[in-house]
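Open the model in a viewer and keep the sequence panel beside it. The stops below say what to select next and what is there.

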Amino acid sequence: MILVTGGAGFIGANFILEWIAREGTPVINLDKLTYAGNLGNLASLKNDARHIFVKGDINDRALAARLLKEHQPQAIVHFAAESHVDRSISGPSEFVQTNVVGTFSLLEEARAYWSALSGTAKNEFRFLHVSTDEVYGSLASNDPAFSETTPYAPNSPYAASKAASDHLVRAYHHTYGLPTIATNCSNNYGPLQFPEKLIPLMIYNATHEKPLPVYGDGLNVRDWLYVGDHCAGIRAALKKGQPGETYNIGGNSEKTNLEVVNTLCAIVDELRPQGAPHAKLIKFVADRPGHDKRYAINAEKIRREIGWQPAEKFETGLRKTVQWYFDNPAWIDGVTSGAYRAWLDLNYGSR
Ligand code: NAD
Ligand code: TYD
């Protein structure tokens, strides 16, 4: 039995689906169901007793304490977060509340629970904190990729809130001995990603013949990783990672945003020739304030110590992703509700 937070979101839901398919042991899923959480992501587990869904906030300490006491999980895998940089720019408060204070609350309850364990249960317990490469700041084009020893230099409110949570996780290991493991991963893409992030937004807009808004000159670089590879990396770190350690997870797949959008348009042209060439929809819009130029991950440590490396190539992963969005129009319709349209107006209306 493991406790997953944020399991109704993009990566958390992929993680739970794969966990139950591969490991087969039960999962308690604690999720507040913000705009980014969607139980439809886990519809295939509706009648599966191994998925126990609890709607709640990680800031609710009494709830976390009760779940830990009742279910005695052998690990906590902590995904719950506000995760979108643009939203952190227009409204940073929730980012501090969930990412910083929420992680602190969960660490406190995990510490109380773990302290009362004994024997194997205590030795084998893990608190796995899922974090991002954005805590390291921005790279120049010829800088070496981020490693686990790169100094923290977060630039957005999102990155700063994740950096603060990483520091708390580190301190709980160092001070109290809580067996924490932290993973810092590069940009994910794949099925179930909310269409506010670059790749699903571009798929959604291209298929609706809407402009494809590229920020600035489109030359910012991200290191893309297929979500299934990230989930495999987390499972591997949970099993083989050393308490107190941090592991960088990345796709070894650096692309400029323009390359991503052009490749995606070519796939859409092929699968849905009507409206081709979709690249004609690209529209350069005002840049994101403080936009980080480049992220790149050196994932050598997790490869060497744990034996994990990405299995998916960007082009094949992107094709699978576009196909998934085409095959799941009901999912897209479900998440692009009134609140979604309000976000589009707020973020893109004045660009
Ligand atoms: P997401 O925004 O899709 O999902 C977040 C989930 O957390 C949602 O289900 C939401 O309802 C839930 N949540 C939010 N606030 C909560 C609260 N206070 N209590 C309980 N649940 C709450 O995010 P994602 O893209 O799946 O990211 C998951 C984690 O992975 C985050 O910690 C993020 O920082 C990290 N990460 C994401 C990426 C990426 O590319 N998406 C890359 C590296 C790391
Ligand atoms: P995003 O998916 O928001 O992830 P992050 O900011 O966490 O890296 O954005 C990925 C890149 O795409 C980033 O450089 C910003 C850019 N971008 C656009 O050019 N247009 C858009 O509409 C969005 C959402 C992002």
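## A loop with a cis bond

Start by selecting P277, which sits in the loop between α9 (257-271) and β13 (282-285). This is a predicted model. Look at the peptide bond that runs from A276 to P277: its form is cis, and its omega is near -5°. Most peptide bonds are trans.

Now select E209, in the loop between α7 and β8. What is the sign of phi at E209? The value is positive, near 55°, and E209 is not a glycine. Most residues other than glycine have a negative phi.

## Ligand 2

The elements on either side of E209, α7 and β8, lead to the next stop. Select ligand 2 and show what is around it: the shell has 19 residues, and E134, R222, R288, H291 and Y348 come nearest.

Zoom in on the oxygen atoms of ligand 2 and pick out these contacts:

- The side chain of Y348 places an N or O atom 2.6 Å from an oxygen atom of the ligand.
- The side chain of R222 has a polar atom 2.7 Å from an oxygen atom of ligand 2.
- At L198 the contact comes from the backbone, where a polar atom is 2.9 Å from an oxygen atom of ligand 2.

How much of ligand 2 does the protein bury? On its own the ligand exposes 520 Å², and the protein buries 97% of that.

Colour the helices and strands next. At least two residues of this shell come from each of α3 (85-90), α7 (198-207) and β8 (212-215). Which element has the largest share of the shell around ligand 2? That is β8, with three residues. Coloured by class, the shell shows eight nonpolar, five polar and six charged residues.

## Ligand 1

Move to ligand 1 and select the residues around it. There are 29, and those that come nearest are I11, D31, S83, Y158 and K162.

Show backbone atoms here, and look for three contacts with oxygen atoms of the ligand:

- I11 has a backbone N or O atom 2.8 Å from an oxygen atom of ligand 1.
- F79 has a polar backbone atom 2.9 Å from an oxygen atom of ligand 1.
- F10 has a backbone N or O atom 3.1 Å from an oxygen atom of ligand 1.

Ligand 1 alone has 840 Å² of accessible area, of which the protein covers 97%. Two or more residues of the shell come from each of α1 (10-22), β5 (126-132) and α6 (157-176). Select β5 to see the element that gives the most, three residues. By class, the shell around ligand 1 has twelve nonpolar, twelve polar and five charged residues.

## From ligand 1 to a helix crossing

Keep α1 selected, since the last stop starts there. Add helix α8 (residues 227-240), whose axis comes within 9 Å of the axis of α1. The two axes cross at roughly 65°. Is the crossing of α1 and α8 left-handed or right-handed? It is right-handed.

Show side chains for the contact. On α1, select F10, I11, N14, F15, E18, W19 and R22. On α8, select V227, G228, H230, C231, I234, R235 and L238. The contact of α1 with α8 has eight nonpolar, three polar and three charged residues.

To finish, leave F10 and I11 selected. Both belong to the α1 side of the contact with α8, and the backbones of F10 and I11 also supply contacts to oxygen atoms of ligand 1.

Methods: Residues numbered from 1 in each chain as written. Chains lettered and ligands numbered in written order. Predicted model: local features only at pLDDT ≥ 70, side-chain atom pairs only at ≥ 80, totals over all residues. Heavy atoms only, no water. Near = heavy atom within 4 Å. Polar contact = N/O pair within 3.5 Å; in protein donor to acceptor, adjacent residues only side chain to side chain. Areas by Shrake-Rupley, 256 points an atom, 1.4 Å probe, with all protein chains shown as cover. Helix = DSSP H or I, 4+ residues; strand = E, 2+ residues; numbered from the N terminus. Nonpolar A, V, L, I, M, F, W, Y, C, P; charged D, E, K, R; others polar. Axes fitted to C-alpha atoms, helices over the stretch in contact; angles between N-to-C directions. Left-handed = near helix turned anticlockwise from the far one by under 90°. Contact = heavy atoms within 4.5 Å.
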